[in-house]
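Here is a quick walk through one protein chain, written for someone who would rather look than compute. Keep the viewer open and follow along.

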Amino acid sequence: MMMAVNALREAAPNGNAFIIYRCKWDSQNHPCNLWIEGSRKAVGKHLNTKHGVSTTDKNNMRCLWDSCTDTVRGENMARHVMSRVHLDAKVQCLGCDGQYARGDSYQRHAESSQSCYIAGSRPLPGQSGQTVPSNAEFLLDPPSQ
Ligand SMILES: [Zn+2]
Ligand SMILES: [Zn+2]
Ligand SMILES: [Zn+2]
């Protein structure tokens, strides 16, 4: 399946740059290496469609990201991958420059301050993240053979 950058723009409708990561899910002794947009939703969708991870499963499963040995509930796997254990993705408040590791902790912060709420936020890349300008034109997934 090819995923055009346009599909990602829908995920970032404000036209801001977005952040992508190489997938290091490794089920066959080599990492997947496809690019994934750095949002919990996109990571969950990728893990589900490409790697068969049920993102609603309450049962524990092995995390196969890189050489991780953690056991995580399927429903929490995308959050685990986004966390500082792996991608270390964060959200920065543009009102006060505060950094939040999780979207929901940022959300609580923004709701507690009107000026921060109005200022909005931007995603901060973890170490392996690549920032892609919103006008970039390329395909994230290689064409299927
Ligand atoms: Zn993958
Ligand atoms: Zn892991
Ligand atoms: Zn703030």
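Of the 145 residues in the chain, 23% are buried. Bear in mind that this is a predicted model.

Let's start with the parts list. The chain has five helices and eight strands. Read from the N terminus, the elements go α-β-β-α-β-β-α-β-β-α-α-β-β. As for who touches whom, take the contacts with a separation of 6 or more: residues 24 or more positions apart account for 49% of them.

**The first sheet and the core**

One open sheet has three strands in the order E2-E1-E8, and the pairing is antiparallel. Its edge strands are E2 and E8 (130-132), each of which pairs on one side only. Ignoring direction, neighbouring strands here are turned by 40° against each other on average. E1 and E8 are joined antiparallel over three bridges, and one pair to look for is Ile 20 with its bridge partner Gln 130 in E8.

Two strands of this sheet turn up again in the largest nonpolar core, which has 21 residues. Which residues have the most contacts inside this core? They are Ile 36, Val 43, Met 77 and Val 81. At least two core residues each come from strand E1 (18-22), strand E2 (35-37), helix H2 (40-51) and helix H3 (77-82). Val 81 is a handy residue to click on: setting aside neighbours within four places in sequence, Val 81 is in contact with Val 43, Trp 65, His 86 and Leu 87.

Helix H2 deserves a closer look. Its twelve residues should span 16 Å at 1.5 Å a residue, and the end C-alpha atoms are 15 Å apart, which agrees. The buried residues in H2 include Ala 42, Val 43, Gly 44, His 46 and Leu 47. A bit of helix background helps when you look at that list: an α-helix has 3.6 residues a turn, so residues three or four places apart point the same way. After H2 comes Gly 52, with a positive phi near 65°.

**The second sheet and helix H4**

Now move along to the other open sheet, three strands in the order E6-E5-E7 with antiparallel pairing. Why is one side of E6 and of E7 left without a neighbour in the sheet? Strand E6 (99-100) and strand E7 (121-124) stand at the edges with a single partner strand each, so one side of each has no neighbour there.

Strand E5 (residues 90-93) is joined to E6 by two bridges, and to E7 by four bridges. Both pairings run antiparallel. E5 and E6 also make a hairpin with five residues between them, and Asp 97 in the turn has a positive phi of about 70°. These are the residue pairs to find in this sheet:

| Residue | Opposite residue | Strand of the opposite residue |
|---|---|---|
| Gln 92 | Gln 99 | E6 |
| Val 91 | Tyr 100 | E6 |
| Cys 93 | Ser 121 | E7 |

Helix H4 (residues 103-112) lies across E5, E6 and E7, running at about 15° to E5.

**Two residues to zoom in on**

Gln 99 lies in strand E6. Is Gln 99 buried, exposed or partly exposed? It has 13 other C-beta atoms within 10 Å, and a residue needs 20 or more to be buried and 12 or fewer to be exposed, so Gln 99 is partly exposed. Leaving out neighbours within four places in sequence, Gln 99 is in contact with Lys 90, Gln 92 and Leu 124. Gln 99 and Ser 121 are 22 residues apart along the chain, and their C-alpha atoms are separated by 9.5 Å.

His 109 sits in helix H4. With 18 C-beta neighbours inside 10 Å, His 109 falls short of the 20 needed to be buried, so His 109 counts as partly exposed. Its contacts, again leaving aside neighbours within four places in sequence, are Cys 93, Gly 98, Tyr 100 and Cys 116. One of these, Gly 98, is eleven residues away along the chain, with 9.2 Å between the C-alpha atoms of His 109 and Gly 98. Another, Tyr 100, is the E6 bridge partner of Val 91, and Cys 93 is the residue whose bridge partner in E7 is Ser 121.

Note on methods
Residues numbered from 1 in each chain as written. Chains lettered and ligands numbered in written order. Predicted model: local features only at pLDDT ≥ 70, side-chain atom pairs only at ≥ 80, totals over all residues. Core = buried A, V, L, I, M, F, W, Y, C linked by C-beta atoms within 7 Å. Contact = placed C-beta atoms within 7 Å. Pairing = 2+ DSSP bridges. Axes fitted to C-alpha atoms, helices over the stretch in contact; angles between N-to-C directions. Expected span 1.5 Å × (residues − 1).
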